[in-house]
Amino acid sequence: MEGMSTIVKKVSQLVAGIIFMYGIYIILHGHLTPGGGFAGGAIIAGAFILLILAFGSSALNLKKEVAGSSNTESVAILMVVILAIMSLLMGIKVFFTNFLPKGEPGTLLSAGVIPLYNIFIGIEVAGAILTIFLALVIFKEESSK
Amino acid sequence: MDALIPLFVAIPLISAFLIIILGKLVKGFHRFLAPLTLLVLLIMALYEFTSLGGTSHTYAMGGWIGDGGFPVGIFLVLDGFSVLMLCIINLIGLVALFYSLSYIAKYTAEANYYALFCLIVAGMNGVVLSGDLFNLFVFLEVSVISSYALVAFGVGKTELEASFKYQVLGGLASMLILLAISLIYWKTKTVNIADIRNVLDAGYSKSFYVFVQVLLISGFGLKAAIIPFHAWLPDAHSSAPSPISAMLSGVLIKAVGIYVLIRLFFNMFVFSHEIAMVITSLGVISMVVGSLLALIQWDVKRLLAYSSISQMGYVVMAFGMGILLLLKGDNEPAAILAIGGGIYHMINHAVFKGLLFLNAGSLEYRLDTRNLKEMGGLSKAMPVTSTTSFMASMSISGIPPFNGFFSKLIIIVAAINGRFYLLATLAVIVSIITLAYFLKFQRFAFFNKAAGKAVQKIKEVPFPMSFSMIFLAVLCLALSLLAIPSVSETVLRPAIDVLIQFELYSTTLIGI
């Protein structure tokens, strides 16, 4: 897949960073505002996909990228399960329960473990969507050869 | 609360993701971790089975216990019926995985196979344990989506086509199920199975719930491949790698299809005569038509797949008769017999159909064909495969002293006691047809004169494969012991009680 024109490349470079930051904002405020891990993760994946579309897949080593994103995804989802198991081992010994201080409601550092779950789910969703996208790109390249 | 219950889902999930990460770095890691996981799960299931003793445990995820009689959180429920299913799932899973150790070595991307296998087990354990409808749906999708990928694992033309067909029909089924769940949520304002039962007990509009029940029967009927909904099963089960066929036919259609249907219709909905008639007649139709379709197959695995449909027909028919007898109310011993026979046949079918698919896998492994006409004379060359498949065939056709005989006998006796003479006759006739097509399988695969390839060069399959087959064949004999009243009293009775005393499920769960 070839890249697009210089204007598109430049604009997407400018915009991608902002989209990425917005995704992080959505994830971090998951317990306060609408959105959360899934929505934020999809936005972050969108930032990467925008760049790949603008610069073309020829700028990438696709196999390596897929391995990277799928590993990130697996590590993130593993962390979610480990967090759930940690609840079982600590405190009142219940799966998926909260074991961190709850903080003051409405502030960023509150709601116990929920922000941690949101962060890892965000990474997981971003990794998964990127993996699917890259797999489709690889499929297209291989079938057009 | 019993801390082991959530681990039935968590442990296979962890090992699935560990396999994906570490499988690339450490050579042979997945071959070691996946069987170990299943072994641990099996030991846990057996421990729960021995310690449960007729009681039921509920587990509130995150400690979210209901407030003022409203269960707000996610509940996992372990009772006599689900613990029996857990034992079957993890046992067949372990055996199929041990078999895969040498069978799957010819494929690339081995690590992905083991990871998906762990996911399918995690999903099924979740379905069996889940105490609310929406979680049940999520776990169902986890296991079914991994099975789509596993069916297509060979990435050949037929595999992809079968997987696509399976995905389309499976997606349709999921949509029907989700629609039914949302309709139930709309009317009852809850998705907790026990709570829904309590709401329904207070009174409900019948026509609305008949619609919901029909949606659920079509949705889970598609997952369980009861006859008008069976189109995907022969393709999917015959194109998958053989250990996966054993998993799909042996436990997946039971765990995500039959088990859920039984659980919902006994413990959630109030019995109604029309729905019971529908369930019974669907069972009878699949039993008869499935066996007739199996008779004309020449592909070994298609034959086994159609025979799965037919045997599941027996189970569904037994449960349908159980509901009808409970509704009549004057003949509870026959109802207990019918339900017990259904559960017993379900366990037996998992064992012998798993074994038969492993046999078919061994034939395919050595001969590279599934066509019966290209086989023959293999009884000398492959003694283990031949003997074990003979035992499984006799077992599924209902020849004493194998387990299939006793479970079919119990179902037929229950039908006669409940005065369903037509059903009893049909069950006997289908059993004879089953014997016919399994004798055809035996004759053309093992006892005929050799056709095509030279048989002399063919050797017995490697140790992991033959060991798994021998283990299941021994189990085929050992499960006959369940027909002894004192044994079935301890093993099957808790599961039957859960279904007979259907009110207990809702009252004990809300009472925590």
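What follows is a walk through the fold of chain A, a few helices and loops of chain B, and the contact between the two chains.

The model is predicted, so local features are given only at pLDDT of at least 70 and side-chain atom pairs only at pLDDT 80 or more, while totals for chains, interfaces and linings take in all residues. Residues are numbered from 1 along each chain as its sequence is written, with chains lettered from A and ligands numbered from 1 in the order in which they are written.

Chain A comes out with four helices and zero strands, helices being DSSP runs of H or I with at least four residues and strands runs of E with at least two, numbered from the N terminus. Along the sequence the pattern reads α-α-α-α. The C-alpha trace of chain A spans about 60 × 30 × 15 Å along its principal axes. Of the 145 residues in chain A, 32% are buried; a residue counts as buried if 20 or more other C-beta atoms lie within 10 Å of its own, as exposed if 12 or fewer do, and as partly exposed in between, with C-beta atoms placed from the backbone. As for contacts (C-beta atoms, placed from the backbone, within 7 Å), residues 24 or more positions apart account for 70% of those in chain A with a separation of 6 or more.

The pairing of H1(A) (residues 6-28) with H2(A) (residues 37-55) shows how two of these helices pack: the axes sit 8 Å apart at an angle of about 170°. Axes here are lines fitted to C-alpha atoms, for helices over the stretch in contact, and angles run from 0 to 180 degrees between N-to-C directions. H1(A) and H2(A) are therefore roughly antiparallel, the label for angles over 145 degrees (under 35 is roughly parallel, 65 to 115 roughly perpendicular, and the rest oblique). Among the residues making the contact are Val8(A), Ser12(A), Ile19(A) and Gly23(A) from H1(A), and Gly40(A), Ile44(A), Ala47(A) and Leu51(A) from H2(A). By class, the contact has 17 nonpolar, six polar and one charged residues. Nonpolar here covers Ala, Val, Leu, Ile, Met, Phe, Trp, Tyr, Cys and Pro, charged covers Asp, Glu, Lys and Arg, and polar takes the others, Gly among them.

Further along, Ser69(A) lies in H3(A), residues 62-89. Ser69(A) is buried, with 22 other C-beta atoms within 10 Å. Its C-alpha is 5.0 Å from that of Gly127(A), although the two are 58 residues apart in sequence. Neighbours within four places aside, Ser69(A) is in contact with Gly127(A), Leu130(A), Thr131(A) and Leu134(A). Ala111(A), in the loop between H3 and H4 (114-144) of chain A, has a positive phi near 70° despite not being a glycine. With 20 other C-beta atoms within 10 Å, Ala111(A) is buried.

Turning to chain B, the axes of H4(B) (residues 110-129) and H5(B) (residues 133-151) come within 8 Å and cross at roughly 155°. H4(B) and H5(B) are therefore roughly antiparallel to each other. The residues that meet include Leu116(B), Ile120(B) and Gly123(B) of H4(B) and Phe139(B), Ser143(B) and Leu150(B) of H5(B). This contact divides into twelve nonpolar, five polar and no charged residues.

H12(B) (residues 300-328) has 29 residues that at 1.5 Å each should span 42 Å, and its end C-alpha atoms are indeed 42 Å apart; the expected span is 1.5 Å times one less than the number of residues. Since 27 of its 29 residues are buried, H12(B) is largely enclosed by the rest of the structure. Just after H12(B), Gly329(B) takes a positive phi of about 85°.

Two loops of chain B are also worth a look. Pro401(B), in the loop between H15 and H16, follows a cis peptide bond from Pro400(B), with omega near 5°. Arg419(B), in the loop between H16 and H17 (421-447), has a positive phi of about 60° though not a glycine. Arg419(B) counts as partly exposed, with 13 C-beta neighbours inside 10 Å.

In H18(B), the buried residues include Met465(B), Met469(B), Leu472(B) and Cys476(B). The buried residues of this helix pack against H3, H13, H15 and H16 of chain B.

Finally, 13 residues of chain B are in contact with 15 residues of chain A. On the chain B side, these divide into eleven nonpolar, two polar and no charged.

Definitions and conventions. Contact = placed C-beta atoms within 7 Å.
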